[in-house]
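Got the structure open in your viewer? Let's take a short walk through it, one selection at a time.

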Amino acid sequence: MASSPGGGASGPGAGGAAAGYRPSATLPFAAEFRRQASRRRTQLALGFMVLLPLIILVAFQFDSGDDDRGGRGEFSSLADLATSGGLNFTLFSILVSASFLLVVVVALFCGDTVASEASWGSLRYLLAVPVPRARLLAVKLVVALAYSGLALLLLAGTALLAGTLRYGWKPLSSQVSAELAPADGLLRLLGVLGYLAVVLLVVAGLAFLLSVTTDAALGAVGGAVLLWILSSILDQITALGGLRNLLPTHYSSAWLGLLSSPMQTDDVVKGAFSAIVYATLFWSLAFWRFTRKDITS
């Protein structure tokens, strides 16, 4: 029986829910963030983002310069620029990571988040708390995106700090532009990071969709990476003509236009629009699928 305003026994709330039950209060973002932070894969992935620039820095220290032959001239010229200042070292670290490593890391965070719960058999217990399905999925997605963004910032931040300490605070140089003043170069690098974050939303959306479709976390992560690689391969086939513009990887390197003088932003705008459309589509399908499937694990 419902209680009077003065007190007494509590009855069911609106829609038959227990009095005081608020769906928005279940599975707080901070709790899920801490929970994911305690996982070994999170610690290893973020740790490697810090370690990679240091490995590159040490590798440059042992570079004898004898490998500037045998068809590696272009890469060697980029390496030469990398040692000419902290900003250039950061740019080099981003360049060698963008096409594969960052794709794997984002796929790991977004593809493992739901599928791993299903494989452990804990997903149905989360829903029985009860946490609404849409909220559970939204919180897990936001946390996965937060860790993906943190990984990107750790990579760039560590590279900038280590590179500046070793090579100094000097103008940004690249093969597509003249030297840029350090302040302007830093802003360009921030623009590059922002664009990469938007492009990687496609990987996040695809991995997240696969994560709610399968109980195998490895399948979701690997599937997203393989499909991204397949798109990259198809983008190299010129016989496809204008169809290549529809591929999610077609504008993945458009961030190079942010380094040119003057900046070339046409492909950046197209790439950002394409990425947002693809990511929205994948996330919508993920929510549609998860809110309708039977949870048995």
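**Stop one: a pair on a helix**

Start with helix H1 (residues 29-37) and select Arg35 and Glu32: the two sit 3 residues apart there, so about one helical turn separates them. Keep in mind that you're looking at a predicted model. Show the side chains, and you'll find Arg35 and Glu32 meeting in a salt bridge, 3.4 Å from N to O. Arg35 is partly exposed, at 31% relative accessibility, while Glu32 is buried, at 1%.

Now add Lys140 to your selection. Glu32, Arg35 and Lys140 are linked in a network of salt bridges.

**Stop two: a link across the chain**

Next, pick Arg41 and Asp112. Their side chains form a salt bridge of 2.9 Å, N to O. This pair ties together distant parts of the chain: Arg41 belongs to helix H2 (residues 40-61) and Asp112 to helix H5 (residues 101-120), with their positions 71 residues apart. Are these two buried or exposed? Arg41 counts as buried, at 14% relative accessibility, and Asp112 is buried too, at 8%.

**Stop three: helix H8**

Move on to helix H8 (residues 182-213) and select Asp184 and Arg188, which are 4 residues apart, or about one helical turn. Here the side chains meet in a salt bridge at 3.7 Å, N to O. Asp184 is partly exposed, with a relative accessible area of 31%, whereas Arg188 is buried, at 12%.

**Before you go**

How many salt bridges does the structure hold? There are 5, and the pairs you've just visited are among them.

Note on methods: Residues numbered from 1 in each chain as written. Predicted model: local features only at pLDDT ≥ 70, side-chain atom pairs only at ≥ 80, totals over all residues. Heavy atoms only, no water. Salt bridge = Lys/Arg side-chain N within 4 Å of Asp/Glu carboxyl O. Buried < 20%, exposed > 50% of the residue type's maximum accessible area, 1.4 Å probe, protein only.
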